[in-house]
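Biologist: Pick one part of this model and take me through it slowly, please. After that, I'd like to hear how the rest of the chain looks around it.

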Amino acid sequence: MRLGESDRSQNGTTQREAWPGDDLGGAGEPGGDADDGAGADGGRPALLLPGRAYGPQFPLLYYARRCLADAGRHVQALEWPSGELAPGCVVRMLQEAVDRLPDGPRDLVLLAKSTGTHAIPWAAEHGVPGIWLTPLLQVPAVRAALPSLPAGSLLVGGTADPTWDGEVAAASGLPVLQLEGADHNLELPGHVHRSLAALARVVTAVSDTLSPSIREDLTPARGLSLR
């Protein structure tokens, strides 16, 4: 995975530089064991499954990972191999990571972006909640597994992302944050301030999902819709 690549896997989007200030461990290439402050005492586990070219150092995953750390989670990030990445490879690598956890999938939370959301059928089968950013809802296996995801799961997508389907997300019965006009990076091209507002909405929704006792105002900002 090279820094500066967009997460979109189709139609060749503009490249951009890495997000600065990744001080949560695992700097540079995503992968390895990222110690987010809860690992010293064996904190509750969380696994981060990045996008194909959207690693933990990019804004969505950087701040979502901070939310996990704030919730007392010890976050470990998976690193994808170079070359083509089949859905089965995502699931295999996830299962291998889970097998290395002392308690397996018990009390586990997943954080996934794009390619990483191929893990949704696995999560549904094993009853593991997850934060699913820009899930690949055009993939039949992913779409079919949504209603079986457990409580504590969240779907986040943008209406300008071709991999998103708002109707499918709404029909899942899960909490959904839908951002009007947001693309596959959950940004609004040409609108810096609205992109930052969208990022803030994602962070708030993730924090609220992980710590439901801490309620924040989720009223949509202008140009965004929450449902």
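**Where two helices meet**

Modeller: Let's start with the contact between α1 and α6, where P59, L60, Y63, A64, C67 and L68 on the α1 side touch L199, V202, V203, V206, S207 and L210 on the α6 side. Sorted by class, this contact has 11 nonpolar residues, 1 polar residue and no charged ones. The polar one is S207 of α6, because serine is outside both the nonpolar and the charged lists. Bear in mind as we go that this is a predicted model.

Now for the geometry. Helix α1 covers residues 59-70 and helix α6 covers residues 192-210, and their axes come within 9 Å, crossing at roughly 30°. Angles under 35 degrees count as roughly parallel, so α1 gets that label relative to α6. As for handedness, α1 passes α6 in a right-handed crossing.

Let me step back to the whole chain for a moment. The protein chain has 6 helices and 7 strands, and from the N terminus they run β-α-β-α-β-α-β-α-β-α-β-α-β. Of the 227 residues in the chain, 54% are buried. If you take contacts between residues at least 6 apart in sequence, 60% of them join residues at least 24 apart.

Since the helix contact has no charged residues, you may wonder about charged pairs elsewhere. Side chains of opposite charge can pair when their charged atoms come close. The count here is 3 salt bridges.

Take D107 and R73, whose closest N and O atoms are 3.4 Å apart. D107 sits in the loop between α2 (87-99) and β3 (109-113), while R73 belongs to strand β2 (residues 73-77), so this pair ties together parts that are 34 residues apart in sequence. The two ends differ in exposure: D107 is partly exposed at 38% relative accessible area, whereas R73 is buried at 7%.

Next comes R92 with E96, where the closest N and O atoms are 3.1 Å apart. Both residues lie in helix α2, 4 residues apart, or about one turn of the helix. R92 is partly exposed, with 43% relative accessibility, and E96 is partly exposed too, with 36%.

Then there is R106 with D103, the closest N and O atoms being 3.6 Å apart. R106 counts as exposed, at 58% relative accessibility. D103 counts as partly exposed, at 48%.

One more residue to look up on your screen is W80, in the loop between β2 and α2. Is W80 buried or exposed? W80 has 3% relative accessibility, and the cut-off for buried is under 20%, so W80 counts as buried. W80 and R52 are 28 residues apart along the chain, yet their C-alpha atoms are separated by 7.3 Å.

Technical notes
Residues are numbered from 1 along each chain as its sequence is written. This is a predicted model: local features need pLDDT of at least 70, side-chain atom pairs count only at pLDDT 80 or more; totals for chains, interfaces and linings use all residues. Side-chain values use heavy atoms; hydrogens and water are left out. A salt bridge is a side-chain nitrogen of Lys or Arg within 4 Å of a carboxyl oxygen of Asp or Glu. Buried means under 20% relative accessible area, exposed over 50%, partly exposed in between (1.4 Å probe, protein chains only). Axes are lines fitted to C-alpha atoms, for helices over the stretch in contact, and angles run from 0 to 180 degrees between N-to-C directions. Angles under 35 degrees count as roughly parallel, over 145 as roughly antiparallel, 65 to 115 as roughly perpendicular and the rest as oblique. A crossing is left-handed if the near helix is turned anticlockwise from the far one by less than a right angle, and right-handed if clockwise. Contact means heavy atoms within 4.5 Å.
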